[in-house]
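Biologist: I've got a model open and I'd like to learn how to read its ligand and metal sites. Could you walk me through them?

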Amino acid sequence: MLTVEECKKVVKPRLSEARWKHSQNVSKEAVRLAKKYGADPQKAEIAGLLHDVMKDTAPEEQLQMMQRFGIILTNIELAAPKLWHAMSGAAFLERELGVRDADILNAIRYHTTARDGMSLLERVVYIADFTSAERDYDGVEQMREAVDISLETAMEEGLVFTIQDLSSLRSPIHPDTFRAYNEVIIQKKEK
Ligand code: DGI
Ligand code: FE
Ligand code: FE
């Protein structure tokens with residue numbers, strides 16, 4: 001596994017100052033949530049640092065990289081370039097940096113859309129991206145409160161927020177996001 005220092009060396013030169021600060025904050029928040037909810041804090045630290053590694057890479061370059069790795073995009077993925085950095089990031093880390101840990105790779109792959117059946121680590125990284133220290137969007141206070149209640153409540157808030165936001169913008173919504181939302185809502189009803 002990459003050490004924390006190795007991760008920093010890989011990520012920092014690829015990101016803007018602000019995006020690098022965000023990645024460090026997500027890493028710290030992911031460690032905090034991992035300790036609170038029982039995920040592996042070391043993996044959370046690394047996944048947080050790495051999660052946006054491709055975010056500042058040109059979209060065409062990300063597409064080329066995915067093509068080279070044989071990743072085929074669905075029509076929805078093609079229509080939503082903001083989703084690419086999660087897919088290209090996980091692929092880059094696996095194929096070019098030799099990251100082997102499937103849980104870390106999935107936490108990065110699904111940090112933007114979420115999916116159903118997410119592991120603790122995947123959920124911790126997904127939520128840490130919403131509640132990292134520098135976040136100040138409308139609704140962040142509600143997200144921070146939800147995180148204090150439970151992982152399920154935080155997932156519910158994050159998914160509702162995302163689906164509301166995307167539909168208000170008339171953006172395409174990935175099926176993985178709906179699957180994650182439906183899973184959270186159905187499990188809640190069963191309780
Ligand atoms: O990379 P970050 O900015 O830290 O955060 P992110 O990876 O969670 O989200 C990046 C963007 O992706 C954000 O503007 C919302 C957007 N997004 C998330 N899910 C979907 C999506 N966009 C579309 N079109 N469809 C989705 O399902
Ligand atoms: Fe991201
Ligand atoms: Fe992020």
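Modeller: Sure, let's start at ligand 1: one of its oxygen atoms sits 2.9 Å from a side-chain N or O atom of K55. That's a polar contact, meaning a pair of N or O atoms within 3.5 Å; within protein, one must be able to donate a hydrogen and the other to accept it, and residues adjacent in sequence count only if both atoms are side-chain atoms. Mind that this is a predicted model, where local features need pLDDT of at least 70, side-chain atom pairs count only at pLDDT 80 or more, and totals for chains, interfaces and linings use all residues. Residues are numbered from 1 along each chain as its sequence is written, chains are lettered from A and ligands numbered from 1 in the order in which they are written, and side-chain values use heavy atoms, with hydrogens and water left out.

Biologist: Which residues are closest to ligand 1?

Modeller: A residue is near a molecule if one of its heavy atoms lies within 4 Å of it. Here 18 residues surround ligand 1, and K55, T112, R135, P172 and H174 are the closest. For other side-chain N or O atoms, look at H111, 3.0 Å from a ligand 1 oxygen, and H22, at 3.1 Å from a ligand 1 oxygen.

Biologist: What coordinates the iron ion (ligand 3)?

Modeller: Donors are N, O and S atoms within 2.8 Å of the metal (3.2 Å for Na, K and Ca); water is not among the atoms, so sites may look incomplete. For the iron ion (ligand 3), the donors are H22 (NE2), H51 (NE2), D52 (OD) and D129 (OD), at 2.2 to 2.4 Å. Along the sequence their spacing reads H-x28-H-D-x76-D.

Biologist: Which residue coordinates both iron ions, ligand 3 and ligand 2?

Modeller: D52 does, and the two ions are 3.6 Å apart.

Biologist: Is D52 buried or exposed?

Modeller: Buried means under 20% relative accessible area, exposed over 50%, partly exposed in between (1.4 Å probe, protein chains only). D52 has 2% relative accessibility, so it counts as buried. H51 is buried too, at 0%.

Biologist: How are the lining residues of the largest pocket split by class?

Modeller: Ala, Val, Leu, Ile, Met, Phe, Trp, Tyr, Cys and Pro count as nonpolar, Asp, Glu, Lys and Arg as charged, and the others, Gly among them, as polar. In this lining that gives 10 nonpolar, nine polar and seven charged residues.
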